[in-house]
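The following exercises are to be worked through with the sequence and the model at hand. Each task is followed by a solution in steps.

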Amino acid sequence: MRATVIHAPHDIRVEEVPDATVQQPTDVVLRVLRACICGSDLWAYRGESARQPGQRIGHEFLGVVEEAGSEVAGFSAGDLVVAPFVWSDGTCAYCAEGLTTSCPQGGFWGSVGSDGGQGEAVRVPFADGTLVKLPAAAASDDRLLTALLALSDVLGTGHHAALGAGVRPGSTVAVVGDGAVGLCGVMAAKRLGAERIIALGRHQARTDIARAFGATDVVAERGEAALAAVRELTRGEGTHGVIEAVGTEQSMRTAIDIVRDGGSIGYVGVPHGSGTGIDLDAMFDRNITLRGGVAPVRTYIPELLPDVLDGTIDPSPVFDLSVGLDGVPGGYKAMDERTALKVLIKP
């Protein structure tokens with residue numbers, strides 16, 4: 001089978017790899033119908049996170065079950081399913097608490113020794129605890145299938161950030177970051193009842209999507225100018241909550257600066273370049289809550305799925321470039337150069 005591998009920074013290739021097979025009785029083999037490139041994949045692409053030469057890559061995908069192991073109870077060949085970006089056994093104490101990303105037997109697609117999502121097929125460990133079944137009819141609806149793909153990561157991650165930010169009906173929320181996760185954070189804040197949503201971003205194509213997803217205001221400034229703009233919009237107080245969807249020191253400092261006293265920051269940006277830390281004195285003095293981290297999207301899929309199926313929310317606009325497998329290296333280049341927001345892969 002063919003799949004995407006990374007050999008070195010800026011060296012993404014699509015190569016022949018061993019076929020995905022059932023290795024444990026709890027496995028399934030899934031034929032990939034849709035996958036995509038994540039902003040976090042770019043850290044490996046740029047050489048900012050280590051990868052072994054030839055390592056698989058990609059962690060967002062959905063597809064059709066080709067084969068199920070003898071102990072798989074919930075799925076059989078032909079089922080359309082979506083996979084969260086971390087597999088989990090569904091039986092441990094963390095899974096029972098909804099923190100599936102801390103499952104001791106869990107893992108991340110594309111880690112050493114596992115299949116990556118950007119390929120023709122994937123071996124899925126612990127299928128019953130990991131996968132979520134989708135309506136079979138969705139396979140013939142291209143727009144819906146694309147929207148459902150967002151459940152594998154960015155939609156659930158945006159929801160996780162909104163929960164961390166304490167979004168509630170009538171609240172005012174700022175979103176730092178105009179990537180796919182930040183835009184899904186706008187959508188999640190709107191879904192949870194935020195009255196005012198201030199999107200921080202400088203690229204009109206992205207802020208146009210933010211407005212379509214529910215942003216009431218856009219702030220294009222950065223640093224001190226962004227702080228001044230948000231304060232002006234909020235009578236000098238700042239916002240009740242901030243969704244931080246970048247992961248840099250600057251973005252976190254911006255989040256702390258624009259949240260009101262007693263407010264909450266929901267952080268989901270993968271940390272990079274933030275080694276000097278944050279000002280705990282300021283957070284202590286102003287009673288700021290910081291909550292977030294890697295999103296347990298498997299827990300959120302059952303809640304979000306009905307709203308995607310009935311069209312209440314439609315995250316599909318975050319995918320602005322579509323490629324086949326052969327186009328994946330070019331897709332990485334486009335996202336790295338910010339000429340694409342999020343690349344959809346159709347193997």
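Helices (H or I, at least four residues) and strands (E, at least two) are DSSP runs, numbered from the N terminus. The model is predicted, so local features need pLDDT of at least 70 and side-chain atom pairs count only at pLDDT 80 or more, while totals for chains, interfaces and linings use all residues. Residues are numbered from 1 along each chain as its sequence is written, and side-chain values use heavy atoms, with hydrogens and water left out.

**Exercise 1. Locate His10 and Asn287, and determine the sign of phi and the exposure of each.**

Step 1. His10 lies in the loop between S1 and S2. Asn287 lies in the loop between helix H10 (280-285) and strand S16 (289-292).

Step 2. Most residues other than glycine have a negative phi. His10, however, has a positive phi near 65°, and Asn287 has a positive phi of about 55°.

Step 3. Buried means under 20% relative accessible area, exposed over 50%, and partly exposed in between (1.4 Å probe, protein chains only). His10, at 48% relative accessibility, therefore counts as partly exposed. Asn287 has a relative accessible area of 57% and is therefore exposed.

**Exercise 2. Establish the order of the open sheet of three strands and identify its edges.**

Step 1. Two strands pair if DSSP finds at least two bridges between them. The order is S2-S1-S4, with antiparallel pairing.

Step 2. Strand S2 (11-16) and strand S4 (55-56) each have a single partner strand and so stand at the edges, where one side of each lacks a neighbour in the sheet.

Step 3. Six bridges join strand S1 (residues 2-8) to S2 in the antiparallel sense, with Val5 opposite Arg13 in S2.

**Exercise 3. Describe the burial of strand S6 (residues 80-83) and its pairing.**

Step 1. Leu80 and Val82 on one side of S6, and Val81 and Ala83 on the other, are all buried.

Step 2. Strand S5 (residues 61-68) runs antiparallel to S6 and is joined to it by four bridges; Gly63 stands opposite Val81.

Step 3. Strand S10 (residues 132-133) pairs with S6 over two bridges, also in the antiparallel sense, and Lys133 of S10 stands opposite Val81.

**Exercise 4. Trace the surroundings of strand S11 (residues 172-176).**

Step 1. Five of the five residues of S11 are buried. Thr172, Ala174 and Val176 point one way, whereas Val173 and Val175 point the other way.

Step 2. S11 and S12 run parallel and are joined by five bridges; Val173 has Ile197 as its bridge partner in S12. The chain passes from S11 through H6 to S12 in a right-handed β-α-β crossover (with the strands pointing away from the viewer, the path from the first strand over the helix to the second runs clockwise).

Step 3. S11 also runs parallel to strand S14 (residues 239-244), with four bridges between them, and Val175 stands opposite Ile243.

**Exercise 5. Which elements each supply at least two residues of the lining of the largest cavity?**

Step 1. On a 1 Å grid over the protein atoms alone, a cavity is a set of points where a 1.4 Å probe fits but cannot get out, and lining residues have an atom within 4 Å of a point. The largest cavity has a volume of about 40 Å³, the volume being the space filled by probe spheres set on the points.

Step 2. The elements are helix H6 (180-191), strand S12 (196-200) and helix H7 (204-213). H7 gives the largest share, three residues.

Step 3. The lining includes Val175, Asp178 and Arg206.

Terms used:
On a 1 Å grid over the protein atoms alone, a cavity is a set of points where a 1.4 Å probe fits but cannot get out, and a pocket is an open set with protein on both sides within 12 Å along at least five of seven lines; lining residues have an atom within 4 Å of a point.
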